[in-house]
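Student: I am new to this structure and would like a close look at a single part of it. Could you walk me through one helix, and one residue elsewhere, step by step?

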Amino acid sequence: MTERKPREVLVREDLPAIDPARLRGMFDDLSAIGGTPGGGVTRLAASREDGIARDYLRDWLDREGFRVHIDQVGNIYGLLDLAGAGAPLILTGSHLDSQPLGGRFDGAYGVVASCEAVRSARAFGEARSRPFSRNLAIAAWTNEEGTRFQPSTLGSSVFAGLYETAAALSQADRDGVTLEQALGGIGYLGTDDPPSRVESYLELHIEQGRRLEDGGCAIGVVEGNWGTVKYVADIQGEAAHTGPTPMKERRDALLAAAQLVILCRTLSDETDGELVTSVGRLDITPNSTNIVAGHVRMFAEFRALDSARLADGCRRFEGAAARVSSPGLSISLRRTTERAPGSFDSALCSLVEAVARIRGYRTMRLHTVAGHDAVPLRAVCRSGMIFVPSVNGVSHSEKELTRPEDMEAGATVLAGALYALATGTDGL
Ligand code: HGY
Ligand code: MN
Ligand code: MN
């Protein structure tokens, strides 16, 4: 039999709708947990606020009849046995942790929409007494953001076997608190096995860029990801009085860091934006108004779609860092994240595109510059992503915004794709 494409197999009557009011209500509840006066959230991984958000999700999963598993790095799984215990699994989800003074939508929208989409797909299937051939599950991944603990996408990378559990749990934040201690402190140091037999993972997320908005499209079909390299540099100089210390005797760690910050931007400017770079955090010691900085820990990151472009930028940065050293001033540089450019599953892209078009949404194919849990998941199953527009492309900011109609569109497409995958009507 010739393979039939989703668009020939799927029909509108075969797709579940979602309840926009329920979606909005759950999203508003979650946005209030760690909500900030500026309209964003601060819900760092394994913080007290993250614990409250996790409790909220777990209570919802319990009420809706999911089996809840928590694994050794605090990943939360809500499992629905719709097709029997040994059936393959269709997984969806995202992350609850946020940036400091971050946006309400990044991660949390995907988790809430996954809940609404799976709930709707189950009800739709049961109402039509159409047998499910796969089980459905929702995941909330630990420490996707990589702001409190490095690297980012930590929980999903452990799930995918790309990062050792013990190494993940030993990661410490800037106050020396380990992930293990923090998860223990909020009651999410789990012991359950993560789910197995995961056939496909589909993540809904805000675009965090402005291509969909500029293109007038409601749904992004994410074909792949940019590559990313993230660094931590420790620059060791000498603390000294900012007054009497002769300038030529100063070993100023902050001056050295500043030179590297400017270099990062120069390297990007030379590529006309094909390489994006940033230094978003400097930890200065002693960090006093009148002490020459003795030590600086600097967090830098490089991203590009083209791996050669990324490698060239990193090579030049690493070369310059090596030249920063001078008598009394040293630098050590290490990579905390290395994410190669890659592609998501093309059949999942076709399915998302078909569902969106049947639902009447304009689509655009694009790549993600931001990292997501769907990237490490590629190592263990078919993995795909759906984007919805970010107003003005703003993210990792309290101003982050996605319009209600776009939130609804994303959840509707996710519900349709999950239902098609779980009933084997996807035509893949
Ligand atoms: O893109 C990032 O740095 C994060 O993993 N979302
Ligand atoms: Mn995210
Ligand atoms: Mn983010």
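Tutor: Happy to! One term will help: a residue is buried when its relative accessible area is under 20%, and exposed when that area is over 50%. Please keep in mind that this is a predicted model.

Let's begin with helix α10, residues 307-324. Its 18 residues, at 1.5 Å a residue, should span 26 Å, and the end C-alpha atoms are indeed 26 Å apart, which agrees. At the N-terminal end, aspartate 306 acts as a cap, with a side-chain oxygen 3.0 Å from the backbone nitrogen of alanine 308.

Now look at which side chains are hidden. Leu310, Gly313, Cys314, Phe317, Ala320, Ala321 and Val324 are buried in α10. Viewed down the axis of α10, these buried residues fall within an arc of 130 degrees, so they line one face of the helix. An α-helix has 3.6 residues a turn, so residues three or four places apart point the same way. The buried residues of α10 pack against α9 and the strands β7, β9, β11 and β12. On the face turned away from the buried side sit the exposed residues Ala308, Arg315, Ala322 and Arg323.

For the residue elsewhere, try threonine 402, in the loop between β15 and α13. Threonine 402 counts as buried because its relative accessibility is 1%. Beyond its neighbours within four places in sequence, threonine 402 is in contact with Phe105, Ile206, Val388, Pro389, Ser390 and Met407. A polar atom of the threonine 402 side chain lies 2.9 Å from the backbone oxygen of proline 389.

Notes: Residues numbered from 1 in each chain as written. Chains lettered and ligands numbered in written order. Predicted model: local features only at pLDDT ≥ 70, side-chain atom pairs only at ≥ 80, totals over all residues. Heavy atoms only, no water. Helix = DSSP H or I, 4+ residues; strand = E, 2+ residues; numbered from the N terminus. Expected span 1.5 Å × (residues − 1). Buried < 20%, exposed > 50% of the residue type's maximum accessible area, 1.4 Å probe, protein only. Arc of directions from axis to C-beta. Contact = heavy atoms within 4.5 Å. Polar contact = N/O pair within 3.5 Å; in protein donor to acceptor, adjacent residues only side chain to side chain.
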